[in-house]
Structures are given as C-alpha cells and as structure tokens.
Amino acid sequence: YELSDDTFVQLGVGVGNLQPINEKPVFSPSEGRFFPLAYQHFNILLLCYSEGANATVVYLFQALLWCVFLIGIYKLILLSVSGRGASSWSYVVAVVITLAIAQRTLSYFSVLWTTISIDYLLLVLFSIAYYYALHDGKWWHHVILFIVGAYFTFCIETNIVVPLMVCACSILNLNKSHRTAHKPLYIEMAIIVLLYILLYVILIFPHLSSHYDPAHGENTTFIPDSFNRRVYIPFV
C-alpha cells in the first residue's frame, strides 16, 4: 500500500471496518469531492474476512474483478461486431481485442489506485445492459441499466458524463422510428443525472471552501494541466 487512496481502503476493510460513504476521500464537502460508492465493493471482502482483509486478499479480489471485466469486454465486442448472430471470425476478433485490452488494463487491477478498476468494470456492464435495453427493451434490462448506471455515476464525479450523454442521445432519437426504445432510456438517465446534481447541491455545494487540485500542487489550472500531462488511453 502507498500513502494515497490505498491507505483509506487499508484503514477500512484492512482492519475489518466497512468502507464509509460519508467520510474522506469520497465525501469531502469543503473540497467539493463527492463519489460515495467508489470503494463500497471492497466491503464484500468482510463477508469472508470479518477481522480484516490483508493486501494479498485485496489483490486477489482485484484479479477476480479483472477477469469479470475481460469476460464483459469479450461479450461486448461480440455484440458490437455481429450482434447475437456471431460467426467464427467474430470470436477470433473478440479474443484478439480482449487479449490486447487485458494487457493494457492489468496494471489498473493490480493496485488500489483511485477508483479506475471499478469504473472500468461498471462501464463495460453498463454498455452491455445498454445494448440489451435498446434492442430488446425488456423491463428488467432497464432495471439493470439504471442500477449499474447509478452505481457508476456515484463512483467518481466525472462519470456523470456517461448518463448525461446517453440521455442527450436518447432525446435526439425520440423522433426516429425506434423512438419507443429511447424514451425509457431518456427517463432513466435523466433521473440519475438529476439525482446526482441534487445531492451535490444539497450535500456539497453549500460547504465549499476550496477546490480539488488536479495538478496536485503544481502552479497551473485544470485545462493547461490536462494538456501538459502525457495523455494515456488504456484501450489503445
């Protein structure tokens, strides 16, 4: 463990305590931080290790999440290249791309650095649920999509852009021939976005006294810092 987000996890499940949703670093009103569900998945470990989960157990858990993530990636690629009528070449393409992504994402599932591992996993599950909700439109597909989308949104502040864009695209497609499939998507995503904004305005905004520094002490603002840093796209 290093002295960063990992430390908070160690001080929680590492000693047998549930990860809180109303304490630092996930809940810091004075700094404008609000991502309460970011570490909640680690609480699963306490079902088997009530006295505390050591680093080895946590890393094994992360490895399990990585495997689930890759299975989801494989399924998503199959759906993307051929729908549900996959041919032999579709499986080959899916395997090759999955192996490439596995190599590029292993490091993120090997440590507890920030929230990126659960973000990746939930984003893949969200994409699969989105496909089925759009093509089949069964009610339970929409329920899964809403739950996964809400969980994903509350894992880090910037994740709200995903339901926001799905909502916007659904509105743009309401006048298309398949508008009935987009209407529930628009409603579900709008609820998630409005819920997050409402909670942020009530719980965080009135208490702001400083701001989170994405440059971590460097004398620069957010946009110049974004351009000055080396951009790394894990899936490429």
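A residue is called buried when its relative accessible area is under 20%, exposed when it is over 50%, and partly exposed in between (1.4 Å probe, protein chains only). By that rule, leucine 106 is partly exposed, because its relative accessible area is 39%. Welcome to a predicted model, in which local features need a pLDDT of at least 70, side-chain atom pairs count only at pLDDT 80 or more, and totals for chains, interfaces and linings use all residues. Residues are numbered from 1 along each chain as its sequence is written, and side-chain values use heavy atoms, with hydrogens and water left out.

**The overall layout**

- The protein chain has eight helices and two strands; these are DSSP runs (helices are H or I with at least four residues, strands are E with at least two), numbered from the N terminus.
- Following the sequence, you meet them in the pattern α-β-β-α-α-α-α-α-α-α.
- The protein chain has 236 residues, and 40% of them are buried.
- About 13500 Å² of the protein chain is exposed, with carbon and sulfur atoms supplying 69% of that area; accessible areas come from the Shrake-Rupley method with a 1.4 Å probe, and for residues only the protein chains shown count as cover.
- A contact means heavy atoms within 4.5 Å. Among the contacts in the protein chain with a separation of 6 or more, 65% are between residues 24 or more positions apart.

**How confident is the prediction?**

- The predictor's confidence in each residue is its pLDDT, on a scale from 0 to 100. The protein chain averages 84, and 80% of the residues score at least 70.
- Confidence is highest in helix H5 (residues 139-153), at a mean of 96, and lowest in H8, at 58.
- Over residues 229-236 the pLDDT is below 50, and this stretch has 16 contacts in the model beyond near neighbours in sequence.

**The nonpolar core and a surface patch**

- In soluble globular proteins, nonpolar side chains tend to be buried together.
- A nonpolar core is a set of buried Ala, Val, Leu, Ile, Met, Phe, Trp, Tyr and Cys residues joined through side-chain atoms within 4.5 Å. The largest one here has 59 residues, of which Phe42 and Phe69 touch the most other members.
- Helix H2 (55-82), helix H3 (88-105), helix H4 (116-135), H5, helix H6 (161-172) and H7 each give two or more residues to this core.
- Out on the surface, Ile197, Leu198, Val201, Ile202, Leu203, Phe205 and Leu208 make a nonpolar patch of about 620 Å². Patches are made of residues with over 30% relative accessible area and no salt bridge, where like charges are joined within 9 Å and nonpolar side chains (Val, Leu, Ile, Met, Phe, Trp, Tyr) within 5 Å.
- Leucine 208 sits in the loop between helix H7 (179-203) and helix H8 (222-228), and it counts as partly exposed because its relative accessibility is 38%.

**One salt bridge**

- The structure holds one salt bridge, meaning a side-chain nitrogen of Lys or Arg within 4 Å of a carboxyl oxygen of Asp or Glu.
- Its partners are glutamate 157 and arginine 33, whose closest N and O atoms are 2.7 Å apart.
- Glutamate 157 is in the loop between H5 and H6 and arginine 33 is in strand E2 (residues 33-34), so the pair links distant parts of the chain, 124 residues apart.
- Glutamate 157 is buried because its relative accessible area is 18%, and arginine 33 is buried too, at 13% relative accessibility.

**Single residues to look up**

- Glutamine 19 is in the loop between helix H1 (5-12) and strand E1 (27-28), and at 6% relative accessibility it counts as buried. Leaving aside neighbours within four places in sequence, glutamine 19 contacts Phe8, Val9, Gly12, Val13, Tyr39, Gln40, Phe42 and Asn43.
- Proline 25 lies in the loop between H1 and E1, and a cis peptide bond with an omega of about 0 degrees joins it to lysine 24. Most peptide bonds are trans.
- Serine 170, in helix H6, is buried with a relative accessible area of 0%. Not counting residues up to four places away in sequence, serine 170 touches His182, Leu185 and Tyr186.
- Serine 82, in helix H2, is partly exposed at 22%. Apart from its neighbours within four places in sequence, serine 82 is in contact with Ser87 and Ser90.
- Leucine 106 is found in the loop between H3 and H4. Leucine 106 and alanine 63 are 43 residues apart in sequence and 8.5 Å apart in space, C-alpha to C-alpha.
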